[in-house]
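This report considers selected residues, strands and spaces of one molecular structure. The sequence and the three-dimensional structure are shown first.

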Amino acid sequence: MTAVRNRITAGAVAAALVGGLAGCADAGGARQAEGAAGAKRVAEPPKSAVRLIGDGSTSFTGPQPGLKAPERMKPGERPPQFVVFSWDGAGEDSQKLFSHFRGVAKKYGATMTYFLSGVYLLPEDKAALYRPPGHAPGRSDIGFNDVEGIRDTVRELRGAWLEGNEIGTHFNGHFCGPGRGVGTWSVEDWKSEIAQAKSFVKNWKTNSGLSAEKPLPFDYDKELIGARTPCLEGRKNFVRAAAELGWRYDTSGVNDQVWPKRKEGLWDLSMQLVPVPGRDFQTLSMDYNFMVNQSGTTKGDPAMHRFWGNQMRDGLIQAFNRSYQGNRAPLIIGNHFQSWNGGTYMRAIEETIAHVCVQSEVRCVSFRQLADWLDAQDPAVLAKLQSLKVGQAPPDGWARFLAARPDASASASHAGAAARRPTTGDGQAG
């Protein structure tokens, strides 16, 4: 790893520790290499189907491969159990965690959401192109990349999308905390940050000089429909900016395990409070939060690493069972490509994927797929699902709970019109 890419990793850790809410690990060399190798075998679109956009950094290649159109549930049908695994600041470095988890996802039939940090496609010698709100040009709390890092990250982004995964954004500079952190940004500041994140993706060839590389196989203006803010801060104004830009979801808050609702017109797909086995409290469904509650440092006692990893895995599986056997609310999990506490959290995530994604009626999907499914449902049925509390299964069974009613069509039409009107509730900041 070069000095520049070392600074990216170190900067991400420092920013997360300052933020207190936001936070990846190494799953082991042999399995990591196997996953990375397997993840490279991706079917490329035919050249005739590729229409380059701008400088050729991105392209239009048609509908995303491998994804089925969502279907509306039939009356009395039990809802599927959705699980979303997502990654903040997705990029490929010497740990090769991006490529590894692409392999894991393929092995267990999962798709995921990768929130790309825009500056991971911007070389350090072009840092001044980034003009962060409230900061000097070229400033970033997670550094920038080098040319080889950009080449590697683009390769993983390309393959991930062709495998059905979503490429979202984790914005750019990852500024957290008081002062000039993202929590102080206005709606216009967020729009500027979003425009710049798009620009770095749409112009990575020009900025890096990698003109001979293959383009990304998607139009980022259309691909980008949701995000998670750095350290879960600044959500109120970000959601307003996202709604004005026509985005469809946000995952920057803290929820219980209940069915999602819209806020400001966006699906609130925030992470959730999940059990910490052996403790009398819950924590956020993210690797960073388990780490903070267990060790308070990224380099805790090695003798505790296996215990901490098992504790996170078991907590996530308990949360899964609580939904799976109860209200079937989607389980939302967030992570970072970091090897904190010796990689223990990456092992926990991989073992959770292996356990939950193979279960009957379970769909491990991206946020985009979940939003598509929610949009396809009868609003009256969603309202019934939203009435269920954490872990609460319908007392008389799903068939009766979601049975068709004589006035279902009329109520669905009325509820649908109401659902399309933006609400006025603000997102809860993490």
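## Tryptophan 161

In this predicted model, tryptophan 161 has a relative accessible area of 4%. Because the limit for a buried residue is under 20%, tryptophan 161 counts as buried. The residue belongs to helix H4, which spans residues 147-162.

Leaving aside neighbours within four places in sequence, tryptophan 161 is in contact with Thr61, Gly62, Pro63, Gln64 and Pro65. Its other contacts under that criterion are Ile167, Pro217, Phe218 and Glu223. Leucine 216 stands 55 residues from tryptophan 161 in sequence, with a C-alpha to C-alpha separation of 8.6 Å.

## Leucine 67

Leucine 67 lies in the loop that links strand E2 (58-60) to strand E3. Its relative accessibility is 29%, so leucine 67 is classed as partly exposed.

When residues up to four places away in sequence are not counted, leucine 67 touches Gly164 and Gln369. Leucine 67 and glutamine 369 are separated by 302 residues in sequence, yet their C-alpha atoms are 8.5 Å apart in space.

## Strand E3 and its partners

How many of the residues of strand E3 are buried? For this strand, residues 81-90, the count is 10 of the 10, so E3 is largely enclosed by the rest of the structure.

E3 pairs with strand E13 (residues 331-336) in the parallel sense, over six bridges. Within this pairing, asparagine 335 of E13 stands opposite tryptophan 87. Strand E4 (residues 113-116) also runs parallel to E3 and is joined to it by four bridges; here tyrosine 114 is the bridge partner of tryptophan 87. A further four bridges connect E3 with E14, again in parallel, and in that pairing glutamine 81 is matched with valine 362 of E14.

## The largest nonpolar core

The largest nonpolar core has 102 residues. Those touching the most other members are Val83, Phe85, Phe101, Tyr114, Ile167, Phe238 and Ile349. Two residues of this group appear above: Tyr114 is a bridge partner of tryptophan 87, and Ile167 is in contact with tryptophan 161.

With residues up to four places away in sequence not counted, valine 83 touches Phe320, Leu331, Ile333 and Val356. The remaining contacts of valine 83 are Val362, Arg363, Cys364 and Val365.

## The largest pocket

The largest pocket holds about 560 Å³ of space. Its lining consists of 25 residues, among which Lys68, Phe82, Arg363, Val365 and Gln369 are the closest to the pocket centre. Gln369 is also one of the residues touched by leucine 67, while Arg363 and Val365 are among the contacts of valine 83.

Strand E14 (362-365) and helix H12 (367-376) each supply at least two lining residues. By class, 13 of the lining residues are nonpolar, eight are charged and four are polar.

## Helix H9

Is helix H9 mostly covered or mostly uncovered? This helix, residues 287-294, is mostly covered, with six of its eight residues buried. The buried residues of H9 are Asp287, Tyr288, Asn289, Phe290, Met291 and Gln294. Following H9 is glycine 296, which has a positive phi near 70°.

Note on methods: Residues numbered from 1 in each chain as written. Predicted model: local features only at pLDDT ≥ 70, side-chain atom pairs only at ≥ 80, totals over all residues. Heavy atoms only, no water. Buried < 20%, exposed > 50% of the residue type's maximum accessible area, 1.4 Å probe, protein only. Core = buried A, V, L, I, M, F, W, Y, C linked by side-chain atoms within 4.5 Å. Contact = heavy atoms within 4.5 Å. 1 Å grid on protein atoms, 1.4 Å probe; cavity = no way out; pocket = protein on both sides within 12 Å on 5 of 7 lines; lining within 4 Å. Points joined across faces, edges and corners; volume = space filled by probe spheres on them. Nonpolar A, V, L, I, M, F, W, Y, C, P; charged D, E, K, R; others polar. Pairing = 2+ DSSP bridges.
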